[in-house]
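Visitor: Hi! I have a few quick questions about a structure. Can we look at it together?
Guide: Sure, let's bring it up.

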Amino acid sequence: SLGFGRNALVIVRPSLLDGQRTELRVGERLALAVTRPVRALIPARVRPIPVEDVAQSMLDAALARTAPIIIESESMQGAAAAAATRDGPSARTEFEH
């Protein structure tokens with residue numbers, strides 16, 4: 001239950017996650033080192049995605065009246081920045097503390 005008396009299943013399908021990790025993932029680090037400089041040239045569906053955008057997309061889906069069933073990586077791109085410009089909860093402010 002999402003706290004609003006309803007249940008939902010949302011499948012989140014991010015591409016390569018771009019964020020801090022506690023464990024060492026050599027392949028991931030190498031992929032990010034190669035793709036970060038050319039990020040804007042990579043199609044959004046396969047572009048590395050900041051973990052903040054994934055978190056914000058999940059929060060938005062949880063709070064939406066009708067959540068999408070599947071959230072693809074390209075629709076998550078820029079979600080954190082968009083949330084910062086509007087009123088309402090953002091993953092950054094909700095989970096930083």
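Visitor: Let's start with one residue: is T35 buried or exposed, and why?
Guide: T35 counts as buried because its relative accessibility is 19%, and buried means under 20%. Keep in mind that this is a predicted model.

Visitor: Where does T35 lie?
Guide: T35 is part of helix α1, which covers residues 26–35.

Visitor: And which residues does T35 touch?
Guide: Leaving out residues up to four places away in sequence, T35 touches I42 and P48.

Visitor: OK, zooming out. How many helices and strands does the protein chain have?
Guide: There are five helices and four strands in the protein chain. Starting at the N terminus, the order is β-β-α-β-α-β-α-α-α.

Visitor: Back to burial for a second: what share of the residues is buried?
Guide: Buried residues are 25% of the 97 residues in the protein chain.

Visitor: What about the area the chain exposes?
Guide: That comes to about 6,800 Å², with carbon and sulfur atoms supplying 58% of it.

Visitor: New topic, pockets! What volume does the largest pocket have?
Guide: The largest pocket has a volume of about 170 Å³.

Visitor: Which residues line the largest pocket?
Guide: The lining includes G19, Q20, R21 and E23, and also R25, E28, R29, L32 and R36.

Visitor: How does that lining split by class?
Guide: By class, the lining has six charged residues, two polar ones and one nonpolar one.

Visitor: Last one: what share of the contacts with a separation of 6 or more comes from residues 24 or more positions apart?
Guide: In the protein chain, those residues account for 75% of such contacts.

Note on methods:
Residues are numbered from 1 along each chain as its sequence is written. This is a predicted model: local features need pLDDT of at least 70, side-chain atom pairs count only at pLDDT 80 or more; totals for chains, interfaces and linings use all residues. Side-chain values use heavy atoms; hydrogens and water are left out. Helices (H or I, at least four residues) and strands (E, at least two) are DSSP runs, numbered from the N terminus. Buried means under 20% relative accessible area, exposed over 50%, partly exposed in between (1.4 Å probe, protein chains only). Contact means heavy atoms within 4.5 Å. Accessible areas come from the Shrake-Rupley method with a 1.4 Å probe; for residues, only the protein chains shown count as cover. On a 1 Å grid over the protein atoms alone, a cavity is a set of points where a 1.4 Å probe fits but cannot get out, and a pocket is an open set with protein on both sides within 12 Å along at least five of seven lines; lining residues have an atom within 4 Å of a point. Grid points are joined across faces, edges and corners, and a volume is the space filled by probe spheres set on the points. Ala, Val, Leu, Ile, Met, Phe, Trp, Tyr, Cys and Pro count as nonpolar, Asp, Glu, Lys and Arg as charged, and the others, Gly among them, as polar.
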